[in-house]
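Biologist: Could you take a close look at a single part of this model, the salt bridges made by one of its helices, and take me through them in one connected account?

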Amino acid sequence: MEISKILSEELSIKEKSIDEVIKLLDEGSTVAFIARYRKEKTGGLKDTEIRDIESGLTRLRNFQKRKEEILTSLENQEKLDEKLKEQIDQAKTLTELEDIYAPFKKKEKQGLIRQKNLD
């Protein structure tokens, strides 16, 4: 998944500027610091645009992490085939991803939830 490309399309900001913001955020810079002191690197992005990049980055990284967790779980269950892997790779939203994974979730967790509801 190309995070910079996705965010560039979503936010209508140049990919190069997004790459620089991501790099600075990963180095520990704050949004305020980037907006004030790194304008030359970001192309003069405003703090609101940098915040949008930051939240989009978090969302997309969490989405990617969840994809990897699901793929690992399906591999461990020996349920992962090429068709299922392709569906997961093509999922665009967390809801879509969870809908694909729902039939394969471990049953024991669902049983515990039902038992708690009966108590």
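**Salt bridges of helix α5**

Modeller: Glu69 has a relative accessible area of 38%, and because that value lies between the 20% and 50% cut-offs, the residue is classed as partly exposed. In this predicted model, the side chain of Glu69 forms a salt bridge with that of Arg66, with an N to O distance of 3.3 Å, and the two residues both belong to helix α5, where they sit 3 residues apart, about one turn of the helix. Arg66 also meets the side chain of Glu98 in a salt bridge, here at 2.6 Å from N to O. Since Glu98 lies in helix α7 (residues 94-101) and Arg66 in helix α5, this pair ties together parts that are 32 residues apart in sequence. Arg66, Glu69 and Glu98 are joined with Lys105 in a network of salt bridges.

Another salt bridge of the helix is formed by Arg61 with Asp26, whose closest N and O atoms are 2.9 Å apart; it links distant parts of the chain, with Arg61 in helix α5 and Asp26 in helix α2 (residues 15-26), 35 residues apart. Arg61 is partly exposed at 37% relative accessibility, and Asp26 is likewise partly exposed, with a relative accessible area of 48%. Over the whole structure, the search finds 6 salt bridges.

Helix α5 (residues 47-76) also packs with helix α6 (residues 82-90), at an angle of about 170° and with the axes 10 Å apart, which means that α5 is roughly antiparallel to α6. By class, this contact has 5 nonpolar, no polar and 3 charged residues.

Notes:
Residues numbered from 1 in each chain as written. Predicted model: local features only at pLDDT ≥ 70, side-chain atom pairs only at ≥ 80, totals over all residues. Heavy atoms only, no water. Axes fitted to C-alpha atoms, helices over the stretch in contact; angles between N-to-C directions. Helix = DSSP H or I, 4+ residues; strand = E, 2+ residues; numbered from the N terminus. Parallel < 35°, antiparallel > 145°, perpendicular 65-115°, else oblique. Nonpolar A, V, L, I, M, F, W, Y, C, P; charged D, E, K, R; others polar. Salt bridge = Lys/Arg side-chain N within 4 Å of Asp/Glu carboxyl O. Buried < 20%, exposed > 50% of the residue type's maximum accessible area, 1.4 Å probe, protein only.
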